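Me: I would like to go through the helix packing and the sheets of this structure step by step, with each answer ending on the name or value I ask for.

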Number of protein chains: 2
Amino acid sequence: MPRGRSTDTIGINDVARAAGVSLMTVSRSIRGVDGVSDATRQRIVRLAREMGYFPNSAARALAVTNSTLIGISLPTLLNDVFADVLSGMRRTLDRAGYSSVMDTSDYDPAREREWAERTLAWRPAALILTGTTHDPALRARLLRERLPVLEIWDVTDDPIDICVGIDHLDAGLTLARHVAALGYRRPAWVGAPPGLDLRADQRFRGLVRAFRDVGAREVRRVSVTGGNSFVAGAGGFGQLDLRDRPDVVFFLTDNMAFGGMMAAQKAGLSVPDDIGIVGFNGLDLTTVLPRPITTIRTPRRQIGVTGAKTLLARLNGLHPDAVTRLPCELMPGATVRMR
Amino acid sequence: MPRGRSTDTIGINDVARAAGVSLMTVSRSIRGVDGVSDATRQRIVRLAREMGYFPNSAARALAVTNSTLIGISLPTLLNDVFADVLSGMRRTLDRAGYSSVMDTSDYDPAREREWAERTLAWRPAALILTGTTHDPALRARLLRERLPVLEIWDVTDDPIDICVGIDHLDAGLTLARHVAALGYRRPAWVGAPPGLDLRADQRFRGLVRAFRDVGAREVRRVSVTGGNSFVAGAGGFGQLDLRDRPDVVFFLTDNMAFGGMMAAQKAGLSVPDDIGIVGFNGLDLTTVLPRPITTIRTPRRQIGVTGAKTLLARLNGLHPDAVTRLPCELMPGATVRMR
DNA sequence: TTGTACGCGTTATCAC
DNA sequence: GTGATAACGCGTACAA
């Protein structure tokens, strides 16, 4: 393809020529910065619109060596959790003029790294990652480049840059203590396999501690992977050894807990008389159930909003708190009871 | 900020200097194109890695006047539908080397247009929009620029460029005919207000026709907006005039249908004996229920994958079908029965 | 208030 | 096989 003078897209130069002014006058007019008389500005803005001129962000980014792109990596959007986080974030970033380059990693650090590398090639203004554990090479690079980085959902005392999330160990602990205090002593857990969802592993740890503290039986753990969470919950319940007589089952999420509860009832067990069911996240689903699921509400949308705001502050040269730990709210529900 | 020779990020020039070759040799080496001896290529690639050189996509996009960015606009991610579509799409585009600039419009054409304008400034390789109805100015611009555009979820004989989706009117018709054939004659519908979700409006139209064809009573319509779909479904059911004695209620989605079913049971109605419940989409949720919801399965993931593949073909200069209409599958369920 | 010169980091082209 | 040069579209710095 020959390198002809100009393609079909018209640039700032064309507008300048047509208006009989210099390129810079057009640039200033369009951007709305000082240095142009109101008269010429109006004339030029109108002309630009008529000619169908649209600024080229890539060229601008190159010229000012910074962009209005923000990379966002989420593990999945197939449950309400990260969709909530994302919608809170996007709204806030959008209003500040940022576009989002997004992907989901499926909890795979390698995919996260590959996405990050591709995204970093666009010299984004910042990166938003989920969790606080990442591919070591990626982490090192981000540290070295001093790129503004927001880590969400989890918190750590040693973030790459800033983080906004909840204390998952504490959340697991709080939820499990509530249940343990009701007298349950034969707990089971249905969730992701160890090492996949690191936040879930933290919560599991809290659960183990809470039940150990009351001298309960060791927590049985069942792992399920992928697929729809309702189905996974039902399938996970099916994998439990019922002869083992668990008296309460904790699930990775409310959706899974619901699926598990359905499976329990299908197996002839009544909830909570025969077995207790506990979820996680406090999704709205549970509010429409005749028997609300015992769970703990995570501030998902707030994580998104607060995270975005904190990041924006950071981008504006301020020095926001590096670590923001948001509270969760226990929701007792009716799928467990005094034993 | 002074315009010093070079900032901290190192560019292709630095590598060239360090390697004692010209910039073009580095460029060719990195890109893996012909014109460099294997020896120097290897030397340079290694050196570049050591020096921490990373290509700048903005500069490349500027030079070649085309990018590897694809814009994706979805109405929402707060239900499984578009999350499914997206995951199918992303995976396919990702493998082809494209990054996604994403946003959700909340069914607002103005927001879609604003997002599109901002995204177009990055000179994306293509745009993916949901539905076939958009802001007229946006549509005109896309037509004029001849940008590859994929419209998903809905189909039309007159797409901007190419479209992959389902026939919503037909889906509504099929589902409603199935229900009407069972003897139901007092239908109601709980969904979005007219004019908001245009695809839903099409389905409603199919429903109206199916029931008119059997001489049933006019379909009662209840509108709910925003919020969680489970809650909206329950709330929508609550708005029905029960003295009006509807015998079957269609919902916008399966999630809403579930919420509605819960509300029905809370109101003392048994499903399907007192009232029938019908959903839409065939989400996995319904498979774990003791009584699967009568619904119609939409090929969400396939829309994403097929759409992405079609778009890629288009980007590769091929001429794929402009319109791809994917089939839906009726799922009879057990929330309606012979009357 | 307006214009000129240069650089941002990369690739296409053509000459060597 | 390798290099010099001119774009790509725009913004900064400084002169007029």
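Me: Which residues in H7(A) do Glu112(A), Arg113(A), Ala116(A), Glu117(A) and Leu120(A) in H6(A) meet?
Reply: This is a predicted model, and the contact in question joins helix H6 (residues 109–120) of chain A to helix H7 (residues 136–145) of chain A. The residues of this contact divide into four nonpolar, no polar and four charged. On the H7(A) side, the residues that are met are Leu138(A), Arg141(A) and Leu142(A).

Me: Are H6(A) and H7(A) roughly parallel or roughly antiparallel to each other?
Reply: The two helices pack with their axes 9 Å apart and at an angle of about 30 degrees, and H6(A) passes H7(A) in a left-handed crossing. Angles under 35 degrees count as roughly parallel, and therefore H6(A) and H7(A) are described, relative to each other, as roughly parallel.

Me: Which strands of chain A stand at the edges of the open sheet, each with a single partner strand?
Reply: The open sheet of chain A has four strands, paired in the parallel sense, in the order S7-S6-S8-S9. A strand with a single partner has one side left without a neighbour in the sheet, so the edge strands are strand S7 (220–223) and strand S9 (276–278) of chain A.

Me: What is the bridge partner of Pro187(A) in S8(A)?
Reply: Strand S6 (residues 187–191) of chain A pairs in the parallel sense with strand S8 (residues 248–251) of chain A, and four bridges join them. Helix H9 (residues 198–213) of chain A lies across S6, S7 and S8 of chain A, running at about 180 degrees to S6(A). Within the pairing of S6(A) with S8(A), the bridge partner of Pro187(A) is Val248(A).

Me: At what angle to S9(B) does helix H11 of chain B run?
Reply: Chain B has an open sheet of four strands in the order S7-S6-S8-S9, with parallel pairing, and S9(B) is one of its edge strands. Helix H11 (residues 254–266) of chain B lies across S6, S8 and S9 of chain B, and its angle to S9(B) is about 160 degrees.

Me: How far apart are the end C-alpha atoms of residues 10–64 of chain A?
Reply: According to the unreviewed UniProt entry, residues 10–64 of chain A carry the annotation "domain: HTH lacI-type". In the model this span is 71% helix and 0% strand, and its end C-alpha atoms are separated by 21 Å.

Key:
Residues are numbered from 1 along each chain as its sequence is written. Chains are lettered from A and ligands numbered from 1 in the order in which they are written. This is a predicted model: local features need pLDDT of at least 70, side-chain atom pairs count only at pLDDT 80 or more; totals for chains, interfaces and linings use all residues. Side-chain values use heavy atoms; hydrogens and water are left out. UniProt positions are given in the numbering used here, feature names are shortened, and annotations may be inferred rather than shown by experiment. Axes are lines fitted to C-alpha atoms, for helices over the stretch in contact, and angles run from 0 to 180 degrees between N-to-C directions. Angles under 35 degrees count as roughly parallel, over 145 as roughly antiparallel, 65 to 115 as roughly perpendicular and the rest as oblique. A crossing is left-handed if the near helix is turned anticlockwise from the far one by less than a right angle, and right-handed if clockwise. Contact means heavy atoms within 4.5 Å. Ala, Val, Leu, Ile, Met, Phe, Trp, Tyr, Cys and Pro count as nonpolar, Asp, Glu, Lys and Arg as charged, and the others, Gly among them, as polar. Two strands pair if DSSP finds at least two bridges between them.
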